[in-house]
Amino acid sequence: MLKVTKYGEYSEFGKAIKKALIEKNMMATELADMLGIKPQYLNSIIHGKKSGQKYKNKIIKLLDLAA
């Protein structure tokens, strides 16, 4: 179940993505390219507007996140 967030807030998974991007000095657009999705869709995942379930495992692997 998706938790709806207020505009500008991150989902818990989104916070982990943003933190990993900063640590790896990587832009979200680079991650979106690696996933083969539009940056807007990745933004929706980060903000909890979309589950991104199809891409979750790949994001975890690419960013070395703990599942």
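**Note on the aromatic pair and the buried face of helix 2**

1. The structure, which is a predicted model, holds 1 aromatic pair. Its members are Tyr41 and Tyr55, whose ring centres lie 5.9 Å apart and whose planes meet at 70°, so the pair is edge-to-face, given that planes over 60 degrees apart count as such.

2. As for where the two rings sit, Tyr41 belongs to helix 3 (residues 39–46) and Tyr55 to helix 4 (residues 53–63), so the pair ties together parts that are 14 residues apart in sequence.

3. The two members of the pair may also be described by their accessibility: Tyr41 is partly exposed, with a relative accessible area of 29%, whereas Tyr55, at 16% relative accessibility, counts as buried, because the cut-off for buried is under 20%.

4. Another ring to look at is that of Phe13, since Lys56 lies over its face, at 5.0 Å from the ring centre.

5. Turning to helix 2, which spans residues 28–35, the reader will find that Leu31, Ala32 and Leu35 are buried. When the helix is viewed down its axis, these buried residues fall within an arc of 100°, so they line one face of helix 2.

6. What covers the buried residues of helix 2? The cover includes helix 1 (12–23), together with helix 3 and helix 4, and these last two are the helices that hold Tyr41 and Tyr55, respectively.

7. Finally, the backbone just after helix 2 deserves a look, for at that point Gly36 takes a positive phi of about 75°.

Conventions. Residues numbered from 1 in each chain as written. Predicted model: local features only at pLDDT ≥ 70, side-chain atom pairs only at ≥ 80, totals over all residues. Heavy atoms only, no water. Phe/Tyr/Trp six-rings, centres within 6.5 Å; stacked < 30°, edge-to-face > 60°. Helix = DSSP H or I, 4+ residues; strand = E, 2+ residues; numbered from the N terminus. Buried < 20%, exposed > 50% of the residue type's maximum accessible area, 1.4 Å probe, protein only. Lys NZ or Arg CZ within 6 Å of the ring centre and 35° of its normal. Arc of directions from axis to C-beta. Contact = heavy atoms within 4.5 Å.
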